[in-house]
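Me: I'd like to go through a structure with you and ask what lies behind the labels. Could you show it to me?

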Amino acid sequence: MSELSQFLKQSRLLSRDENHRLKILKAISTYDEKVDEIKTGQFKDWQQARLTAAEIKEYVLDHLPSLLEEFEEKISSRGVEVLWARDKEEAQKYFVEIATRHQAKKVVKSKSMTTEEIEFNELCHDNGIEVIESDLGELIVQLADEKPYHIVTPAMHKSKAEIGKLFQERLGAPETDNAEQLTMIAREHLRKTYITSDIGVTGANFIVAREGALVLTENEGNGRLTMSCPPIHVAIVGIEKVLPCLSDLSLFLPLLATSGTGQQLTGYNSIIRGPRQNGESDGPEKMYVILLDNGRSKLFKKDRFRSILRCIRCGACLNACPVYRTVGGHTYHTPYQGPIGSVITPQFRGMENWSHLAFASSLCAACSSVCPVNINIHELLLENRWEAHQKSRTGIAWNIGLKFWAWTMSGRLRLNILSRMGRYTYRLLLPFLSHSKRKRIPDIPSKSFKDMWKKYEQQK
Amino acid sequence: MNSKNEILSRLRQRGSPAREDNAPQWEDKDLFADFPGPSDNLIDIFSHQLNKLSGDFHLVNNKEEMVKTLKSLLEDSEPEQCKAHKSPLIDELKMLGPEIRDYLTFIDGDEISSEEFERLEVGITGADCLIARTGSILLHTVSAGGRRLSVLPPTHIVIAEEKQIVPSLDEAFNTLDHDQDIWSYATIITGPSRTSDIEKQLVLGAHGPKKLIVLIIKS
Ligand code: SF4
């Protein structure tokens, strides 16, 4: 099935699934409440904060090559090996080499979207390496053989009862639908994993250039355990994640926490500068950083798209999007869903199969209005539509049709005549148009807007 | 061309020229509505924030009182299940309170197997600084006995002094900047481990500590 038809099929199914929509609505309204409270409680001026953040990110993009080199130089001085991956295949190759070198059989992983991007779990499976997701939401989707539903809350679509059943079947846990008990089941299940794994794999939320550090944000502590217990730590990070220096975190950490989960600050924000150093009492013996390009530098070269590289993957645009809320995360069939996914996926993976995502938008701009780094996401969706249009060989009929439409619209008299004709034709056709269960086709009002306006003007 | 050069050269070919030569600067006090004012008591703000996050807070007047408080906190655990980070303050507490000495044995990662470590109940560490505005604790591998002691045991006790409390994050990062080269890992802890992955319901103790207790001696 083509990506387009699978998108249409899934969205038709899910937009009519009341149970599914209720679950998503409940999760997002809880999120909305918390975000509103924290935004006004924490920031003097949210607009000002996001403008400052956008400016810092623009500075970063202006100096990206030198900042990346600075990062590499600093962090490798503490014994970290930095590997540059052009694409998914190269990142995969690096990881397999590392795993072979250290004879790794078992990997524990904390939540990371870049690993989704390079299909890390499939890679491990093909190479006979066991991989265990340690983030609770990720563990749930892994046990269910699914992909993350949302870039921040991967198991948003699962109810307590569904998770209870899943744990019962896959982990042999006693029956329960209590969130606390379910969390404790996951805790017990994973505890030994940290100390028996050969490699800990993480992503990172930020790369800090001046101090040569990675920053990882999380609430559960699974990330910290993943970076502390196994003898090897591998971090896979997108090259756009850079911040100039540590002190920039005092804006970006509260910003990400506010937009991501409606928290003042996420539970744990860890700054990693290397493996265990002399004089330290524990930590991994060796650390690798894989810097992932995978389409980012190509996007960088397009001036109009560069601003999307400011994205800090907070997920706010997904939650705000009426399309995401209706069709759900899996429908997108990509690691990045919602508006951010609809901008970058056609760019990363090609217009041929993915341009439909740019059209899966009402262009309401809700995404742009919530974005903490002030990206005009909806305008980039339009850019994608434009590019898709340039690339596609649209039919002659369509082109003539559009020309005719433009001609009609540009003259008052033509418009009057044609809209009146349109009204009559529509009336005539109405009995034949299907009245399906989910869509009612409205009747045409007796007076057109133009007529009503005329009357209104006369009465004034 | 190797991958690094290829990526970097792509990043160097760009249409529009770079604009700013300096990254924008700001201070936390201009940005945050809840930045502590000059008349605010940082201890009060810190304890209020920590309590909101379900952390426990104890303020003591002197080291003798600290020993008493620690004793009451540790009473229910076995001494073998508690480990502490080696620091001058903890050394002093051991001198003052022989009754808690056994609970405060120092840890060195190499002397203890991972399995034993995993069975510990309580980890006791110092901190680099405490952040009033967010109720957070900043610590790193040198100030807090490595990476695992503050995350693997189900209870994490932090011992600090009043003078270590700073108003907001920017100052916390400044203290970190000073000791540039010794640590490999730092973390800002804001409340006990938590998750809302199941139907957005908050549950404490997801993988890290279920309990976070902060003890502060008045300066
Ligand atoms: S585009 Fe903006 S709102 Fe969407 S995930 Fe990225 S930073 Fe968040």
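What follows is a short talk about salt bridges, exposure and a sheet in this predicted model.

Me: Why is the contact between B:Arg12 and A:Glu69 called a salt bridge?

Reply: The closest N and O atoms of B:Arg12 and A:Glu69 are 3.1 Å apart. The cut-off is 4 Å between a side-chain nitrogen of Lys or Arg and a carboxyl oxygen of Asp or Glu, so the pair qualifies. The pair also crosses between chains, from helix α1 (residues 3-12) of chain B to helix α4 (residues 64-76) of chain A. A search of the whole structure finds 34 salt bridges over all chains.

Me: What makes B:Arg12 partly exposed?

Reply: B:Arg12 has 48% relative accessibility. Exposed needs over 50% and buried needs under 20%, so B:Arg12 counts as partly exposed. Its partner A:Glu69, at 30%, is partly exposed too.

Me: And A:Arg306, is that one buried or exposed, and how do you know?

Reply: Its relative accessibility is 5%. Buried means under 20%, so A:Arg306 counts as buried. A:Arg306 meets A:Asp303 in a salt bridge (2.4 Å, N to O), and A:Asp303 is partly exposed, with a relative accessible area of 38%.

Me: How do you know that B:Asp91 and B:Lys86 form a salt bridge?

Reply: Their N to O distance is 3.8 Å. That is within 4 Å, so the pair counts. As for exposure, B:Lys86 has a relative accessible area of 53%, which is over 50%, so this residue is exposed. B:Asp91, with 32%, is partly exposed.

Me: Let's turn to the sheet. Why are β1 and β2 of chain B said to stand at the edges?

Reply: The five strands of this open sheet come in the order β1-β11-β6-β3-β2, with parallel pairing. β1 (56-60) and β2 (82-84) each have a single partner strand, so one side of each is left without a neighbour in the sheet. From one strand to the next, the twist averages 15 degrees.

Me: What makes β3 and β6 of chain B a pair?

Reply: Four bridges join β3 (residues 122-125) to β6 (residues 155-161), and the two strands run parallel. A pair needs at least two bridges, so these strands meet the rule. One of the matches is B:Val122 with its bridge partner B:Thr155 in β6(B).

Me: Which strands does helix α4 of chain B lie across?

Reply: Helix α4 (residues 63-74) lies across β1, β2, β3, β6 and β11 of chain B, at about 165 degrees to β11(B).

Definitions and conventions:
Residues are numbered from 1 along each chain as its sequence is written. Chains are lettered from A and ligands numbered from 1 in the order in which they are written. This is a predicted model: local features need pLDDT of at least 70, side-chain atom pairs count only at pLDDT 80 or more; totals for chains, interfaces and linings use all residues. Side-chain values use heavy atoms; hydrogens and water are left out. Buried means under 20% relative accessible area, exposed over 50%, partly exposed in between (1.4 Å probe, protein chains only). Axes are lines fitted to C-alpha atoms, for helices over the stretch in contact, and angles run from 0 to 180 degrees between N-to-C directions. Contact means heavy atoms within 4.5 Å.
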